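Colleague: I am new to this structure and should be grateful for a close look at one enclosed part of it. Please begin with how much confidence the prediction deserves, and then describe that part in its setting.

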Amino acid sequence: MIKSAPLNGDGGMSKLAGRCLIWTALVVFALWFLLPAYVVVGTSLKDLEEIRGGSLLALPHEINLDAWRFAWSEACIGVECTGLEPYFWNSVAMAVPAVLLSTFLGAITGYSLTKWQFRGANIVFALILFGCFVPFQVVILPMAQTLGILRITNTVYGLILVHTVYGLAFTTLFFRNYYVTIPDELVRAATIDGAGFFTIFFRIILPLSPPIIVVSVIWQFTQIWNDFLFGASFTTGGTQPIMVAMNNLVNTTTGVKQYNVDMAAALITAAPTILVYIIAGRYFVRGLTAGSVKG
Amino acid sequence: MARPSAGGSWRLDRLIPQIVVSPGFLAILLFVYGFILWTGYVSMTKSRMLPKYDFAGLIQYERLFQMDRWNVAINNLFVFGVLFILVSIVIGCLLAVLLDQKIRAEGFIRTVYLYPMAISFIITGTAWKWIMNPSLGLETVVRSWGWESFSFGWTVDQDLAVYALVMAAVWQSSGFVMALFLSALRSVDQDIIKAASLDGATPFRIYTRIILPSMRPVFMSAVVILSHLAIKSFDLVVALTGGGPGYASTLPANFMYEMTFRRNEIGVGAASAMVMLATVAAIMVPYLYSELRGQKHD
């Protein structure tokens, strides 16, 4: 941050002009970022007549939640007209175990890699790290076959497995980078006192971990909830996660296009991650930037 | 590093870390690297509707590069990738510098800029598709303001659909770039800046000569992460343009999905996935190599 005046700070007038310029730019960008949210919320509250007759940017005449109710419990997705509700719970049933499993496995793997360096640990870490960046297209075909062999195609269990495995690379990276900052002396002292691998993990390391656990949980939840590729590739019909069901709802082209229902569906589908962002935004940002910025 | 000294049941004690790492590591070895080999092999067979396992050389790659759809996808990836990365970085960087000027409502504004990152590309695509809807969206709004000839039918225009993708993707990701740059800006050595401003350097010069050049590693990170995002882009296309009109806005990830799951061309699908992997690896491997090597010197 620059401590002196923001723009050429020789006089009140030019300083004021500079501040105006900065604020104008900031506000214009804020409007650009908020425009879609405003349009989506606004449209979801209008009825079809109002949508066709009015302007995209006009405020709705009244708060009308019919489209929300319809999207949640009545809209047709494929041939079933159940609304998004069952798919919402599919996503919950998939995300919760996958988040917990991948976070726990990432924690203990990261702990082993940093605090109990063994021969080859760096190679193991490098291979895990590259796993973060592999484009998933290169694994979906074998994965589809493997799920078939394991007889868990088209089930929540299949998706839990997929998300746990492919989330593991990220969670390991998070925990590894966090545990590197915890002094080794702590572990050494405990070892001298006779504490073993697991005792140290559960008594010393885990109690120090809540900040990074929160990051990992938020990151994994957002990734898994927002996933489309795996859901679309490995499930059909009633077992689909909400992201796939929402897309089907919007892109099915039978009958009159109900834009208000589409927008309400989008909001319902996005609500959990937005909520997480509002409640724990700080940790969300930390997750985003973890491992990508050094120093 | 804590190396537990031998003592007690030393043999097992020493193996515990390896044993604990192995389930996760084996899972990644199998589900990532094993599957890469698997896909690689399938890409060299005549697989169509079902995978076949007799070796056939590079015929699928030959077929792949003769397909117009694939060449369109590659072209699109180039246009989309370059624009997406450039514009995201320019906007993200600008936003970070603007927010760095002791803005009172910084926390709130940052929240606004970054919220798209919490939302999936499917939702982003759906929202922008609605805004860019030619008959009801922004086009109608601007025309009602009196600019009768204004047109904004990007998503349904063969030549412009890719730019619609860029626009939505930039909207989604520039807040992330801002967050990267802002945290880097905050860690620039304040003493150098103070010294420079005592010497009479203007804030503009300080930014362009001292601060931004010192952020080269962050530029690198941003380019790498954004290019990885671009190569993986799939959902946004599905939700915003459906790859259309025709296949004018299809990207390699969409091509792969289409071939593998819709058109019974598993071999071509596998070959296209391998090309995508090679592209990612060409960017990631040198980057990760230098990062990991750098860490050891810290």
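Modeller: This is a predicted model, and the average pLDDT of chain A is 86, with 94% of its residues scoring at least 70. Within chain A, the mean is lowest, at 81, in helix α2 (residues 48-53) and highest, at 93, in helix α4 (residues 85-115). Residues 1-9 of chain A have a pLDDT below 50, although this stretch has 25 contacts in the model beyond near neighbours in sequence. Where pLDDT is low, predicted coordinates should not be read in detail. Chain B likewise averages 86, and 95% of its residues score at least 70. Its helix α6 (residues 138-144) has the lowest confidence, at a mean of 80, while its helix α3 (residues 68-99) has the highest, at 94. Residues 1-8 of chain B stay under 50, and the model gives them 15 contacts beyond four places in sequence. For the complex, the predictor reports an ipTM of 0.87 and a pTM of 0.88.

The part I have chosen for the close look is helix α12 of chain A, residues 242-251. Eight of the 10 residues of α12(A) are buried, so this helix is largely enclosed by the rest of the structure. The buried residues are A:Ile242, A:Met243, A:Val244, A:Ala245, A:Met246, A:Asn247, A:Leu249 and A:Val250. Which elements cover them? From chain A, the cover includes α4, α10 (210-226), α11 and α13 (259-289). Chain B contributes to the cover as well, through elements that include α5 (121-131) and α11.

One element of that cover, α4(A), can be examined through A:Ala107, which is placed in this helix. With a relative accessibility of 3%, A:Ala107 counts as buried. Apart from neighbours within four places in sequence, A:Ala107 is in contact with A:Phe175, A:Tyr179 and A:Phe201. A:Ala107 and A:Ser209 are 102 residues apart along the chain, yet their C-alpha atoms are separated by 8.7 Å. Elsewhere in chain A, A:Thr164 belongs to helix α7 (residues 156-179). A:Thr164 is buried, at a relative accessible area of 9%. Once its neighbours within four places are set aside, A:Thr164 is in contact with A:Ala98, A:Leu101, A:Ser102 and A:Leu105.

The helix α12(A) has a further role in this description, as it gives two or more residues to the lining of the second largest pocket. That pocket has a volume of about 630 Å³ and is lined by 29 residues. Nearest its centre lie A:Ala232, B:Phe234, B:Val238, B:Tyr257 and B:Arg262. Besides α12(A), the elements that supply two or more lining residues are α11 (229-234) of chain A and, in chain B, α11 (235-240) and α12 (252-262). The helix that gives the most is α12(B), with five residues. By type, the lining residues are 11 nonpolar, 15 polar and three charged.

Enclosed space should be distinguished from this pocket. A search of the whole structure finds two cavities of 30 Å³ or more, and the largest has a volume of about 50 Å³. From chain A, its lining takes A:Thr43, A:Lys46, A:Ile51, A:Gly54, A:Ser55 and A:Leu56, and from chain B, B:Trp130 and B:Leu136. Four of these lining residues are nonpolar, three are polar and one is charged.

For contrast with α12(A), consider helix α2 of chain B, residues 59-66, in which B:Gln60, B:Tyr61 and B:Leu64 are buried. Seen down the axis of α2(B), these buried residues fall within an arc of 100 degrees, so they line one face of the helix. An α-helix has 3.6 residues a turn, so residues three or four places apart point the same way. On the face of α2(B) turned away from the buried side are the exposed residues B:Glu62 and B:Gln66.

Lastly, two loop residues of chain B deserve mention for their backbone. Most residues other than glycine have a negative phi. B:Asn264, which is not a glycine, has a positive phi of about 55 degrees. B:Asn264 is in the loop between α12 and α13 (266-297) of chain B, and at 34% relative accessibility it counts as partly exposed. B:Lys102 has a positive phi of about 50 degrees. B:Lys102 lies in the loop between α3 and α4 (106-114) of chain B and is partly exposed, with a relative accessible area of 46%.

Conventions:
Residues numbered from 1 in each chain as written. Chains lettered and ligands numbered in written order. Predicted model: local features only at pLDDT ≥ 70, side-chain atom pairs only at ≥ 80, totals over all residues. Heavy atoms only, no water. Buried < 20%, exposed > 50% of the residue type's maximum accessible area, 1.4 Å probe, protein only. Helix = DSSP H or I, 4+ residues; strand = E, 2+ residues; numbered from the N terminus. Arc of directions from axis to C-beta. 1 Å grid on protein atoms, 1.4 Å probe; cavity = no way out; pocket = protein on both sides within 12 Å on 5 of 7 lines; lining within 4 Å. Points joined across faces, edges and corners; volume = space filled by probe spheres on them. Nonpolar A, V, L, I, M, F, W, Y, C, P; charged D, E, K, R; others polar. pLDDT = per-residue confidence, 0-100. Contact = heavy atoms within 4.5 Å.
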